Number of protein chains: 2
Amino acid sequence: MPVRVTADDVAKAAGVSRAMVSRAFTPGASVAVRKREHVLRVAQALGYRPNLIARGLTGQRTGLVAVVAGEISRPYEAWLLEHIVRVLSANGYQPLLLPAFRDANMTEMIDHALAYQVEGAIVAAGSVSRDIADRCQASGAPLVLIGRVLEKNGADAVCCDNIKGMWQLVERLVKQGRRRIAWLGGTADTFSDQERRQGVEEALAHYGLSLQVQRRGDFSLSSGVSEGLALLDSRLALDAIMCANDAMALGVVEAAAQRGIKVPDDVAITGFDDVPGAAWGRCPLTTVRNPVNETALEALRLLETRVHNPTCDNQVIRVGVTLVPRSSA
Amino acid sequence: MPVRVTADDVAKAAGVSRAMVSRAFTPGASVAVRKREHVLRVAQALGYRPNLIARGLTGQRTGLVAVVAGEISRPYEAWLLEHIVRVLSANGYQPLLLPAFRDANMTEMIDHALAYQVEGAIVAAGSVSRDIADRCQASGAPLVLIGRVLEKNGADAVCCDNIKGMWQLVERLVKQGRRRIAWLGGTADTFSDQERRQGVEEALAHYGLSLQVQRRGDFSLSSGVSEGLALLDSRLALDAIMCANDAMALGVVEAAAQRGIKVPDDVAITGFDDVPGAAWGRCPLTTVRNPVNETALEALRLLETRVHNPTCDNQVIRVGVTLVPRSSA
DNA sequence: CTGAAAGCGCTTACAG
DNA sequence: CTGAAAGCGCTTACAG
């Protein structure tokens, strides 16, 4: 039978009150230095650690932050998650990981996390409704979105500059003389898909061009292969294929190889995100860097800002992107 | 100011005692069916959900399970993590994610998780000492290791059959007539590196062969490239390079391409794990499938088994692997 | 600086 | 089946 040593045990052993033990473990509390040292020493000897669940009940901080992540096995989600978790841990928070699978009920998930008295929620997957934002607000837990924004001042968000990223890519392609450009979009109704396509169309229009054709994958590499094949076989004489993310671009590179089509000579291929794998493989990807570390830092900053000032207006932080020119375009 | 509605509020509104509302939310409790429905309805209307932190304090289940994961942005760790998290969530547990970076202090991390009264810990990264197992035991939280085992009955573990996997790969190479085989190991002192190398050496010895050369990377793709280049440039006339995991094998494939060396004609390359990306790219990898889903399921099973019987002997579950023959060997 | 007391929100014997 | 009471382990006013 495991014996849990409590503050009372330490108090008894150290010859002080239970409150004293609590104070010894509370950084700012007013305790005599020598006494604190003594209590801490006794606690150490007994193997005592404050029960964070009990502390959380007191209305104090629980230190818990809910993190809603998508399919973790995908490069971008994994990469982003790593940074979020790292930043949270480094700042004394414990990430409660909520996996958002396609059939996941976001409302149910958030409610569950809220029941754990999380101090906030960072949502980097799925679609967030007004309803969810309201629930979080009602519980006093700040909600921060990553890579998606809610209309009408619903929640704080941090999102990269999708539009500008696509402009930079289009600019490069146009300068290379590319004119017959195709678009391979990602999952429908996702914020990234919409903004990125919008960026492409705007930029093309600026040059008096428009897309030759559009197809849609699901952000996965394999969908990039199949849609890439379809595009390449379409006999549209495309000279560039722009993809909504790196994974699909990598798939299109694969498709081109299967058809014996040279990249970038015959067709240029562009991605988005600059995930760790983008520089490797058959053809290093020309893409746009999505600054995930900065994103994670900003997300935490927004979270903490709102804790201190729950009623200020919602902010949408746009983090900058940078063109990463490599071989594929 | 967010208002937290408590069981008392519901009790008052429903005209019952607080104990009654607690029972209404406790599946097996004896309550009049009609009354439970009524309480639940009132609770719903008020937006009440039991505070899980308070419930956890009662000595009840917290539902929390610590999950120690490695560098999440690496394919294998991400893939495994996804399955662990999925299995945990599907069974009513909340994963508390602890990131194990190279400089992470595992003992400190586990202690912290224990302070949250986790019901168990699944460790899939870093090296685990006896000390950590003892701490978990003292707290009554079962510890389950994945992909590593502790000597002398220290903790439950689930691990794939590294030895057999490597035998299968060696067998295939030998049948192809390969004789000049190199080994590219992973991070020193890791369980996977040791067992996999051992498997290779045993199997080669069985055929009267031995390794031509050994080098060591760090399980990353980029280390596969650099070590692969070194191996390929060594003029040892190698006809096969066996790698301790897929990421490094993918790097070696890349190195071969850079040198204009044909795979598998000039040199065969093998991996381990069969991560999602192994089938893609320049040269689909011949590898061994590490059954992560089964691994995650077994890990949870071990966890729950020990909760019910804390004192039974430790078990090490070996999950089976299967050869996945593709183009690279 | 320190201790006794009250309370965080829940669950679980204990009676009935 | 149901309620009043005690208690989970901690922190925080409240006195001193």
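## The surface near DNA strand D

In this predicted model, the residues of the surface near DNA strand D split into 12 nonpolar, eight polar and seven charged. There are 27 residues around the strand, and Ala7(A), Arg18(A), Ser22(A), Arg55(A) and Gln60(A) come nearest. If you're tracing the surface by secondary structure, look at α2 and α4 (52-57) of chain A together with α2 of chain B: each supplies at least two of its residues. On the DNA side, 65% of the strand D atoms within 4 Å of the protein belong to sugar or phosphate, with the rest in bases.

Some individual contacts are worth picking out. A polar backbone atom of Ala7(A) sits 2.4 Å from a phosphate oxygen of DNA strand D. Chain B joins in too, with a polar backbone atom of Ala32(B) at 2.9 Å from a phosphate oxygen of that strand. For a base contact, go to Arg23(A), where a polar side-chain atom lies 3.0 Å from a base nitrogen of DNA strand D.

## The surface near DNA strand C

Now for the other strand. DNA strand C is surrounded by 27 residues, the closest being Ala7(B), Arg18(B), Ser22(B), Arg55(B) and Gln60(B). By class, the surface near strand C holds 12 nonpolar, eight polar and seven charged residues. Of the strand C atoms within 4 Å of the protein, 65% are sugar or phosphate atoms, and bases account for the rest.

Chain A reaches the phosphates of this strand in a couple of places. A polar side-chain atom of Ser17(A) is 3.1 Å from a phosphate oxygen of DNA strand C, and a backbone N or O atom of Ala32(A) is 2.9 Å from a phosphate oxygen of the strand. From chain B, a backbone N or O atom of Ala54(B) lies 3.5 Å from a base nitrogen of DNA strand C. The elements giving two or more residues to this surface are α2 (18-24) of chain A, plus α2 (18-24) and α4 of chain B.

## The annotated domain in chain A

UniProt, in an unreviewed entry, places the feature "domain: HTH lacI-type" at residues 5-59 of chain A. In the model, that span is 64% helix and 0% strand, and its end C-alpha atoms lie 22 Å apart.

## Where chain B meets chain A

The contact between the chains takes 49 residues from chain B and 49 residues from chain A. Together they bury about 4,700 Å², 62% of it on carbon and sulfur atoms.

What about the polar side of things? Across this interface there are 23 residue pairs in polar contact, both residues at pLDDT 80 or more. On the chain B side, the elements giving two or more residues are α4 (52-57), α5 (75-90), β2 (94-99), α6 (106-115), α7 (130-139) and α10 (221-233). Of these, α5(B) gives the most, with seven residues. Sorted by class, the side of chain B that touches chain A has 25 nonpolar, 14 polar and 10 charged residues.

## Salt bridges, between chains and within

How many salt bridges link chain B and chain A? The count is two. Arg49(B) and Glu108(A) meet through their side chains in a salt bridge, at 2.7 Å from N to O.

Over all chains, the structure holds 37 salt bridges. Within chain A, Arg216(A) pairs with Asp193(A), the closest N and O atoms being 3.0 Å apart. Arg216(A) is in strand β7 (residues 213-216) and Asp193(A) in helix α9 (residues 191-206), so this pair ties together parts that are 23 residues apart in sequence.

## Backbone oddities

Keep an eye out for cis peptide bonds when you scroll through the loops. In chain A, the bond from Val263(A) to Pro264(A) is cis, with omega near 10 degrees, and Pro264(A) sits in the loop between α11 (246-258) and β9 (268-270). In chain B, the bond from Val263(B) to Pro264(B) is cis as well, with omega near 5 degrees; Pro264(B) lies in the loop between α11 (246-259) and β9 (268-270) of that chain.

Then there's Gln117(A), a residue other than glycine with a positive phi, near 60 degrees. Gln117(A) belongs to the loop between α6 (106-115) and β3 (120-123) of chain A.

Key: Residues are numbered from 1 along each chain as its sequence is written. Chains are lettered from A and ligands numbered from 1 in the order in which they are written. This is a predicted model: local features need pLDDT of at least 70, side-chain atom pairs count only at pLDDT 80 or more; totals for chains, interfaces and linings use all residues. Side-chain values use heavy atoms; hydrogens and water are left out. Contact means heavy atoms within 4.5 Å. Buried area is the accessible area (1.4 Å probe) that two parts lose on being put together, summed over both. A salt bridge is a side-chain nitrogen of Lys or Arg within 4 Å of a carboxyl oxygen of Asp or Glu. A polar contact is a pair of N or O atoms within 3.5 Å; within protein, one must be able to donate a hydrogen and the other to accept it, and residues adjacent in sequence count only if both atoms are side-chain atoms. Helices (H or I, at least four residues) and strands (E, at least two) are DSSP runs, numbered from the N terminus. Ala, Val, Leu, Ile, Met, Phe, Trp, Tyr, Cys and Pro count as nonpolar, Asp, Glu, Lys and Arg as charged, and the others, Gly among them, as polar. A residue is near a molecule or strand if one of its heavy atoms lies within 4 Å of it. UniProt positions are given in the numbering used here, feature names are shortened, and annotations may be inferred rather than shown by experiment.
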